[in-house]
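Here is a structure to read closely. Look it over, then work through the questions.

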Amino acid sequence: MEYTKKSGFATLIGRPNVGKSTLMNHLIGQKIAITSDKPQTTRNRIQTVYTDERGQIIFLDTPGIHKAKNKLGEYMVSVAEHTLKEVDVILWLVEPTTFIGAGERHIAEQLNRVKTPVILVINKIDTVKTQEEILTFIAAYKDICPFAEIVPVSALKKKNTDVLLEQIFKYLPYGPQYYDEDTVTDQPMRQIAAELIREKALRLLSDEIPHGIAVTIEKMTERPNGMMDIEASIVCERDSHKGIIIGKGGAMLKKIGSAARREIEDLVDTKVNLQLWVKVRKEWRDSEIYMKNYGYDVKDT
Ligand SMILES: Nc1nc2c(ncn2[C@@H]2O[C@H](COP(=O)(O)OP(=O)(O)OP(=O)(O)O)[C@@H](O)[C@H]2O)c(=O)[nH]1
Ligand SMILES: [Mg+2]
């Protein structure tokens with residue numbers, strides 16, 4: 001059978017905080033991956049689907065590539081780097097700057113080793129004053145890696161992303177639709193709910209606490225009237241962190257809970273009763289057993 005539409009995989013990689021998850025959410029038109037202004041927000045590979053008359057793109061959002069300080073960090077980097085060989089096209093997102101640091105050079109080295117076409121995506125161009133400046137970023141990057149395309153965009157302001165889609169399709173083979181056209185993701189609902197709770201904790205808490213947080217869903221059941229009961233635990237690394245997460249008179253936990261509940265309700269389209277608990281697991285980010293329990297399975301990468 002001869003296929004008339006394109007289909008394939010595109011991974012989004014780059015340093016933490018460059019806007020990978022923001023861009024993916026915008027491209028698929030729905031918030032599936034959580035985002036925050038803190039680096040190392042995404043911890044697992046998040047798969048989503050974009051379908052239009054040209055065909056189907058399966059996006060892989062990945063954790064930011066960084067110098068790992070613990071087992072969780074090593075896991076995150078290996079999740080991201082493993083996708084490089086599995087896809088039809090790589091989107092390397094960078095900040096709009098001429099400065100190319102050790103982090104970018106490390107990524108360029110990896111990309112030079114694979115044959116997959118790489119599209120350099122210069123994100124956050126809404127923060128750039130002039131068009132000429134963008135040319136200097138392109139010039140700075142051009143020599144460190146042979147790019148198939150270079151596309152400046154703004155994920156936040158939704159600028160030039162239609163051009164990016166066009167370029168992605170260019171590098172996909174003709175093939176079957178892997179998912180029906182209504183599918184946006186195959187992430188389990190439990191996992192998205194846990195991530196939304198983690199996002200609210202990331203956004204509402206400051207400093208080092210968010211990095212040591214994991215969220216597990218203990219229970220997720222539906223009542224006959226459609227209402228959903230969810231019990232979840234926020235895991236942190238220290239007793240002092242537990243105190244901060246709970247807050248004075250439980251105020252912080254309440255804030256995290258109601259912000260998360262609202263978004264989970266939008267997602268499942270029904271009323272949600274969310275109960276949160278806080279647990280301490282010292283140094284879980286260096287324990288393979290705990291990491292596995294919290295959804296970061298070293299063997300999965
Ligand atoms: N000004 C501006 N900010 C952006 C843009 N895209 C993303 N951001 C912001 O950059 C921050 C990081 O965005 P994320 O999408 O979480 O970045 P990420 O690359 O997925 O980060 P990790 O998951 O930690 O690797 C957030 O505060 C976003 O709002 C953009 O086009 N312009
Ligand atoms: Mg992310």
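The questions below go from a metal site to helix packing and a sheet.

This is a predicted model, where local features need pLDDT of at least 70, side-chain atom pairs count only at pLDDT 80 or more, and totals for chains, interfaces and linings use all residues. Residues are numbered from 1 along each chain as its sequence is written, chains are lettered from A and ligands numbered from 1 in the order in which they are written, and side-chain values use heavy atoms, leaving out hydrogens and water.

Q: Which residues coordinate the magnesium ion (ligand 2)?
A: Donors are N, O and S atoms within 2.8 Å of the metal (3.2 Å for Na, K and Ca); water is not among the atoms, so the site may look incomplete. Two side-chain oxygens, OG and OG1, sit at 2.0 to 2.1 Å from the ion, and they belong to S21 and T42.

Q: How many residues apart in sequence are the parts that S21 and T42 tie together?
A: S21 lies in helix α1 (residues 20–28), while T42 is in the loop between α1 and β2 (46–52). Helices (H or I, at least four residues) and strands (E, at least two) are DSSP runs, numbered from the N terminus. The pair therefore links parts separated in sequence by 21 residues.

Q: Is T42 buried or exposed?
A: Buried means under 20% relative accessible area, exposed over 50%, partly exposed in between (1.4 Å probe, protein chains only). T42 has 8% relative accessibility, so T42 is buried.

Q: How are α1 and α5 oriented to each other?
A: α1 and helix α5 (residues 161–170) pack at about 85 degrees, with axes 11 Å apart. Axes are lines fitted to C-alpha atoms, for helices over the stretch in contact, and angles run from 0 to 180 degrees between N-to-C directions. Angles under 35 degrees count as roughly parallel, over 145 as roughly antiparallel, 65 to 115 as roughly perpendicular and the rest as oblique. The two helices are therefore roughly perpendicular.

Q: Which residues of α5 make the contact with α1?
A: Contact means heavy atoms within 4.5 Å. From α1 come L23, H26 and L27; from α5 come T161, L164 and L165.

Q: Which are the edge strands of the sheet β7-β8-β9?
A: This open sheet has 3 strands and mixed pairing. Two strands pair if DSSP finds at least two bridges between them. An edge strand pairs on one side only, which here holds for β7 (214–222) and β9 (272–280).
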